[in-house]
Structure formats: structure tokens, C-alpha cells
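Here are my notes after going through the model you sent. I've kept them as numbered points so you can follow along with the structure open.

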Amino acid sequence: MAPVRNSRVFFNSIPEGYPVLGETLVVDHAKTIDLETVSLEGGKILVKTVAISIDPFLRLHMSRSGRHHGTAYHLGEPIYNFQVVKVLRSGSELFRPGQHLYGVGDFVEYQVLSDLSKWTALPEREGIPWSVYLGAAGMPGKTAYFGWKVGADAKKGETIYVSTAAGAVGSMVVQLAKAAGLKVIASAGQEAKLEFLRELGADVVFNYKTTDLANVLEEHGPLDICWDHVGGDTLATVISNMKDFGRILVMGFTAAYNAPSASVTNLGLVLVKRLTLRGIAVGDHEAQCAEEFYAAVPAKLAKGELKYKETVVRSLDEVPQLFIDVQKGNNTGKAVVVLDD
């Protein structure tokens, strides 16, 4: 077999604000790979990329400081993120051809993997698309599930506000909260997203772009729990509308990803109200919660007991635009690149 094209998406320039189409990320089609003869010496495996996740936090890899866990994308090198791959050839006893694996890899069509400790075999008969293991059955779903388990301390009848609630994490939180008997206030920025939240059973749904959060919380609060992805003014407004001993779980700070964010100037209320303000990183709770998550969530997704939405593109050429759409909130649910069904 002749070598085949092995396209990749690489980091081309550091953006000052939002990524710029045709400048920040560039797709290169010049590389090739011989799938039959590429060396797998030393226990390596050859895989084909099936699906790749695009997440808001990837913008932090594009800063000069690499603020996300101390890492930064390197100019001229492929970008990377969570993905599902299929084993084509194996030089290792750990994985066999035909298996699907979950881990972090480059935005390329084919890869030779050497550090197999970072990859996990996925079940082959769960009845959900492989891309869902990047969303509701993957890192975003685990973020919601783990955070809810370790930080929400939810009680039936309490009130929760979920920001960016139609995203992959937020939509799972809405469903967990409703199952626990909470009143759910949920926001998003587009009508299609608001309709999705109504389908999930959220009690109060509003467009944060056209409706003032403070007015909504004054009418439907105060809050026992807030699940926040935004930070900035949103977090400040939430703090002012929390009950004593409320819990605020912070998953991100999208307000600051592409532009300077307003400072939270009322942190003194955290003391006055005896609030718990806690950041949630999924990796901290993997050992404690992952087995329970995988035993419960994929099956519920397959049965339709938990719902999800995806924004899907089907080529690496579409990655730069989808990356920008995710930063601007123009996707619904999980954004994924599906290269092989």
C-alpha cells in the first residue's frame, strides 16, 4: 500500500483576542504515512483518529504562559486534546487491533503512540456513538458527575443556577439537579439552546444576552448552589444572590478566555455568608468516581435516560472555524470532530 495523506492541525500564531480564521490554526495536508510499514518497535501502536473534542479551555493553551495546567501549544506543532482512536496495528500486548481507545492525542488523522499508560480501552458494545465518549460519556460528563458528587451537597427543594447550561457540562448538571429534586435556573445565549434546556426540564430558562441575571435571581432566587463556567460579572452577581452556607462550584472562567474580565469585587460576601467557593478539576476525582460513572452514565445515555446534543464537523479542515464557534458560544452541546464513524 502506498503512503496515505496524514493531515494535521497546527498552532500557527498566538491570538490577542479570539482566534483568527486562517491565522491562529492552520491545516496541513502535506504529511503522509505508510500504514503498513511504519515502525512500531518498542511496544508502540498505530491508530486512526475517530473523533476529537474541541473545548472552550483549549484557548488557554494558546496563551504565552500556557495558563491551563502549566502547558501551552507550541508554534508550528499540532494542537492536541481528548480523542477516541481505533487501533490499526499493535506492537504492544496492552491493546489489540480493532480496539477503541480514549486519551489525549494530536489533531492528526493517524498517529503512532508510544506512551500507552495515558490511553484507556473503551467498551465495544455500549450502544452510543464513539464521539459521545468525548462529551456526555467523557471528560465533560465526568466533570458534571464528579463535581456534583463531591461538591454540590444537594438537597431536594434547593435552588441551583447553572451558567452556560446548554453546553456539554452544564446540560448534564441540569439533568442531575432535576433528578435530585432541585429547582433549576439555567441560562444560554441562543433560542435553540434555550429550547434544549426546556426539554431537559429546567424550571427557569433565560437568555443571558438579553435578560439581566440579577433580575432573574432576584425573582427566582436566592440560590443554594451555583454551577459557574463564566466568572467575572456573572460570578459577582451570583455571590450577591447566594443564601448563607451556599455552594459555588467553579468549572471555568470563559469571560476571561479571549478578553480581560471584570474583577469579582464582592468576595467579602463569601465570608459574610459563609459560602463554599470550590474549583472542580476532573482529574482530581478520577480514582474516586470514574468506576461509578462508567457503570452508570453510558448505559443511561444509550437508553435515552440522559440526553445530550453534539455539534459535529467531519474534517480537520473545519476545525479552525469550529474552534472559533466554541469560543463564541455558537455551538450547542459538545463540539466534536468526527473523522471515522
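1. Let's start with the largest cavity, which has a volume of about 70 Å³. Bear in mind throughout that this is a predicted model. If you search the whole structure for cavities of 30 Å³ or more, one turns up.

2. What lines the largest cavity? Walking along the chain, you meet Val 132, Gly 135, Ala 136, Ala 168, Ser 171, Met 172, Gln 175, Lys 307, Tyr 308, Lys 309, Glu 310 and Lys 334. Helix α2 provides the largest share of that lining, with four residues. By type, the lining splits into five nonpolar, three polar and four charged residues.

3. Lys 307 deserves a closer look, as one of the residues lining the largest cavity. You'll find Lys 307 in the loop that runs between α7 (286-303) and β16 (310-313). Is Lys 307 buried, exposed or partly exposed? Its relative accessibility is 42%, so Lys 307 goes down as partly exposed, the class between 20% and 50%. Setting aside residues up to four places away in sequence, Lys 307 touches Gln 175 and Leu 200. Gln 175 is also on the list of residues lining the largest cavity.

4. Leu 200 takes us to helix α3 (residues 191-200), where the buried residues are Lys 193, Leu 194, Phe 196, Leu 197 and Leu 200. Looking down the axis of α3, you see these buried residues within an arc of 155°, so they line one face of the helix. The cover over them includes α2, β11 and β12. Note the lysine in that buried set, Lys 193.

5. Just past the end of α3 comes Gly 201, with a positive phi of about 100°. Gly 201 and Lys 307 are 106 residues apart along the chain, yet their C-alpha atoms are separated by 11 Å.

6. Next, helix α4 (residues 213-220), in which Leu 213, Val 216 and Leu 217 are buried. Why do they sit on the same side of α4? Because the arc they cover around the axis is only 95°. Glu 218 and Glu 219, on the other side of α4, are exposed. The buried residues pack against four strands, β10 (159-162), β11 (183-188), β12 (204-207) and β13 (223-228), and against helix α5 (232-240). At the N-terminal end, α4 is capped by Asp 212, which has a side-chain oxygen 3.2 Å from the backbone nitrogen of Ala 214.

7. Helix α5 also holds Gly 232. With 8% relative accessibility, Gly 232 counts as buried. From Gly 232 to Asp 244 is 12 residues along the chain, and 21 Å between their C-alpha atoms.

8. Ser 163 is worth zooming in on. It sits in the loop between β10 and α2 (168-179). Its relative accessibility is 1%, so Ser 163 counts as buried. Which side chain does Ser 163 join through a polar contact of 2.8 Å? That would be Asp 228. Beyond its neighbours within four places in sequence, Ser 163 is in contact with Ser 187, Trp 227, Asp 228, His 229, Val 230 and Thr 234.

9. Thr 49, in strand β5 (residues 45-54), is another one to check. Thr 49 has a relative accessible area of 0% and is therefore buried. Its side chain and that of Gln 111 are joined by a polar contact of 3.3 Å. Not counting neighbours within four places in sequence, the residues in contact with Thr 49 are Gln 83, Val 84, Val 85, Val 108, Glu 109, Tyr 110, Gln 111, Leu 339 and Asp 340.

10. Gln 111 leads on to the second largest pocket, which has a volume of about 380 Å³. There are 17 lining residues, and those closest to the centre of this pocket are Gly 105, Asp 106, Gln 111, Val 112 and Leu 113. Two elements, β7 (100-106) and β8 (110-113), each give two or more residues to the lining. Of the elements, β8 gives the most, with four residues. The lining of the second largest pocket comprises eight nonpolar, four polar and five charged residues.

How values were computed: Residues numbered from 1 in each chain as written. Predicted model: local features only at pLDDT ≥ 70, side-chain atom pairs only at ≥ 80, totals over all residues. Heavy atoms only, no water. Buried < 20%, exposed > 50% of the residue type's maximum accessible area, 1.4 Å probe, protein only. Arc of directions from axis to C-beta. Contact = heavy atoms within 4.5 Å. Polar contact = N/O pair within 3.5 Å; in protein donor to acceptor, adjacent residues only side chain to side chain. 1 Å grid on protein atoms, 1.4 Å probe; cavity = no way out; pocket = protein on both sides within 12 Å on 5 of 7 lines; lining within 4 Å. Points joined across faces, edges and corners; volume = space filled by probe spheres on them. Nonpolar A, V, L, I, M, F, W, Y, C, P; charged D, E, K, R; others polar.
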